[in-house]
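These exercises walk through one protein model, moving from its core outwards to its helix contacts and a few single residues. Try each task with the structure in view before reading the solution that follows it.

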Amino acid sequence: MKNFYCDFKHPENCQIKKSLSILADKWNLAIISLFHQNLDWLNTDSKLYSDFSLSFNQIKRELQSISSKVLTERLNQLVLENYLHKETFSEGRRKRTLYYLTKKGVLSKEVLILINERINN
């Protein structure tokens, strides 16, 4: 019998467990929360679902105690897991990288709000 939420015979395939472990990471949650605080609207006609972007340096300034190495690792993980979209472009001789929430990143806000409400009630 297949479980609706997770296949407990193959827990490595459980998407809920995987998603919660990504969102529960101290720094991933803090990074995603920075975007959620500034989430204004959804643009469903493009692959980016938020018009709000943050650069590496902006995130670093907000999360003062995170090291550059850890921030790079966490941003790469969130891009790989499709919570963030990374866009790099040139500004003269410099490259600039901006991060945007994807649809999955936007929808994670609802999940985190629901978890918070359940915990606090």
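**Exercise 1. Find which residues of the largest nonpolar core touch the most other members, and which elements supply the core.**

Solution. The model is a predicted one, and its largest nonpolar core holds 20 residues, of which Ile 31, Phe 35, Ile 59 and Leu 84 touch the most other members. Turning next to the elements, helix H1 (15-24), helix H2 (26-37), helix H4 (68-80) and strand S3 (94-101) each supply at least two residues of this core. Among the contributors, H2 gives the most, with five residues. As a general background, nonpolar side chains in soluble globular proteins tend to be buried together.

A closer look at one member shows how the core is joined: leaving aside residues up to four places away in sequence, Ile 59 touches Ile 31, Leu 34, Phe 35, Leu 54, Leu 71, Leu 75 and Tyr 99.

**Exercise 2. Describe the order of the elements and the overall burial of the protein.**

Solution. Begin by counting the secondary structure, which comes to five helices and three strands. Read from the N terminus on, these elements follow the order α-α-β-α-α-β-β-α. For burial, 31% of the 121 residues count as buried, while the protein exposes about 8,500 Å², with carbon and sulfur atoms supplying 51% of that area. Finally, among contacts with a separation of 6 or more, 55% are accounted for by residues 24 or more positions apart.

**Exercise 3. Work out how H2 is oriented to H4, and which residues meet there.**

Solution. The axes of H2 and H4 come within 10 Å and cross at roughly 70 degrees. Because angles of 65 to 115 degrees count as roughly perpendicular, H2 is roughly perpendicular to H4. On the H2 side the contact involves Trp 27, Asn 28, Ile 31 and Ile 32, which meet Val 70, Leu 71, Arg 74, Leu 75, Gln 77 and Leu 78 in H4. Sorted by class, the residues of this contact are seven nonpolar, two polar and one charged.

**Exercise 4. Repeat the analysis for H2 and helix H5 (residues 103-119).**

Solution. Here the axes are 10 Å apart and the helices pack at an angle of about 100 degrees, which makes H2 roughly perpendicular to H5. The residues that meet are Leu 29, Ile 32 and His 36 in H2 with Gly 105, Val 106, Ser 108, Lys 109 and Leu 112 in H5. Their classes divide into four nonpolar, three polar and one charged.

**Exercise 5. Locate Asn 82 and decide whether it is buried, partly exposed or exposed.**

Solution. Asn 82 lies in the loop between H4 and strand S2 (84-91). Its backbone deserves attention, since phi is near 70 degrees, a positive value in a residue other than glycine. Buried means under 20% relative accessible area and exposed means over 50%, so Asn 82, at 42% relative accessibility, counts as partly exposed.

**Exercise 6. For Gln 58 and Val 111, give the element, the exposure and one residue that is distant in sequence.**

Solution. Gln 58 is found in helix H3 (residues 56-62) and is partly exposed, because its relative accessible area is 29%. From Gln 58 to Leu 98 there are 40 residues in sequence, yet their C-alpha atoms are 9.7 Å apart in space.

Val 111 lies in helix H5, and with a relative accessible area of 39% this residue is likewise partly exposed. Val 111 and Leu 20 are 91 residues apart in sequence, and the C-alpha to C-alpha distance between them is 9.6 Å.

Notes: Residues numbered from 1 in each chain as written. Predicted model: local features only at pLDDT ≥ 70, side-chain atom pairs only at ≥ 80, totals over all residues. Heavy atoms only, no water. Core = buried A, V, L, I, M, F, W, Y, C linked by side-chain atoms within 4.5 Å. Buried < 20%, exposed > 50% of the residue type's maximum accessible area, 1.4 Å probe, protein only. Helix = DSSP H or I, 4+ residues; strand = E, 2+ residues; numbered from the N terminus. Contact = heavy atoms within 4.5 Å. Areas by Shrake-Rupley, 256 points an atom, 1.4 Å probe, with all protein chains shown as cover. Axes fitted to C-alpha atoms, helices over the stretch in contact; angles between N-to-C directions. Parallel < 35°, antiparallel > 145°, perpendicular 65-115°, else oblique. Nonpolar A, V, L, I, M, F, W, Y, C, P; charged D, E, K, R; others polar.
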